Amino acid sequence: PNPTSELLFIKGLDATQYDVAVFDQMGRMVLSKSIQNMQLNVDQLPNGVYTLRIFNNENIASAKFIKL
């Protein structure tokens with residue numbers, strides 16, 4: 001998993017706008033929003049391991065990241 005303390009940069013996706021959802025290790029959604037610049041500010045989240053789900057009408061992707 002990729003570590004971050006403030007901004008999470010999302011690469012490898014073609015569309016300009018996505019909806020994102022962040023889940024904690026218990027499976028609870030802790031953040032949900034639309035992004036356009038492929039950056040997600042996670043500084044308000046407590047430190048821990050999270051799962052990021054990224055989706056639009058055509059694609060769905062997920063990845064884990066560590067908030068430091």
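This report describes the core, the largest pocket and selected residues of a predicted model.

**Nonpolar core**

The largest nonpolar core has 15 residues, and I10, V20, V22, L40, L52 and F65 are the members that touch the most others. At least two residues of this core come from each of strand 3, strand 4 (29-35) and strand 6 (48-55).

V20 belongs to strand 3, which spans residues 18-23. Its relative accessibility is 1%; because this value is under 20%, V20 counts as buried. Apart from neighbours within four places in sequence, the contacts of V20 are I10, L31, S32, K33, I35, L40, L52, R53 and I54. L40 stands 20 residues from V20 along the chain, and the C-alpha atoms of the two are separated by 8.6 Å.

L40 itself is part of strand 5 and is buried, at 0% relative accessibility. When residues up to four places away in sequence are not counted, L40 touches E6, L7, L8, V20, V22, L31, K33, I35 and L52. One of these contacts, E6, is 34 residues from L40 in sequence, with a C-alpha to C-alpha distance of 8.3 Å.

**E6 and M38 in loops**

E6 is located in the loop that links strand 1 (2-4) with strand 2. With a relative accessible area of 43%, E6 is partly exposed; the class follows because the value lies between the 20% and 50% limits. Beyond its neighbours within four places in sequence, E6 is in contact with L40, N41, V42 and D43. Q17, by contrast, is 11 residues from E6 in sequence and 20 Å from E6 in space, C-alpha to C-alpha.

M38 occupies the loop between strand 4 and strand 5 (39-41). This residue is buried, with a relative accessible area of 13%. Its phi is near 60°, a positive value in a residue other than glycine. Most residues other than glycine have a negative phi.

**Salt bridge**

The structure contains one salt bridge. It joins the side chains of R28 and D24, with an N to O distance of 2.8 Å. The two partners fall into separate accessibility classes: R28 is exposed, with a relative accessible area of 52%, whereas D24 is buried at 14%.

The accessibility values of the residues discussed are set out below.

| Residue | Relative accessible area | Class |
|---|---|---|
| V20 | 1% | buried |
| L40 | 0% | buried |
| M38 | 13% | buried |
| D24 | 14% | buried |
| E6 | 43% | partly exposed |
| R28 | 52% | exposed |

**Largest pocket**

The volume of the largest pocket is about 170 Å³. Its lining comprises 13 residues, and those nearest the centre are N2, F9, I10, L52 and A63. I10 and L52 also appear among the core residues that touch the most other members.

Strand 2 (7-9), strand 6 and strand 7 (60-67) each contribute at least two lining residues. Strand 7 provides the largest share, with five residues. In terms of residue class, the lining holds nine nonpolar, two polar and two charged residues. Strand 6, which helps to line the pocket, also supplies at least two residues of the largest nonpolar core.

How values were computed: Residues numbered from 1 in each chain as written. Predicted model: local features only at pLDDT ≥ 70, side-chain atom pairs only at ≥ 80, totals over all residues. Heavy atoms only, no water. Helix = DSSP H or I, 4+ residues; strand = E, 2+ residues; numbered from the N terminus. Buried < 20%, exposed > 50% of the residue type's maximum accessible area, 1.4 Å probe, protein only. Contact = heavy atoms within 4.5 Å. Salt bridge = Lys/Arg side-chain N within 4 Å of Asp/Glu carboxyl O. Core = buried A, V, L, I, M, F, W, Y, C linked by side-chain atoms within 4.5 Å. 1 Å grid on protein atoms, 1.4 Å probe; cavity = no way out; pocket = protein on both sides within 12 Å on 5 of 7 lines; lining within 4 Å. Points joined across faces, edges and corners; volume = space filled by probe spheres on them. Nonpolar A, V, L, I, M, F, W, Y, C, P; charged D, E, K, R; others polar.
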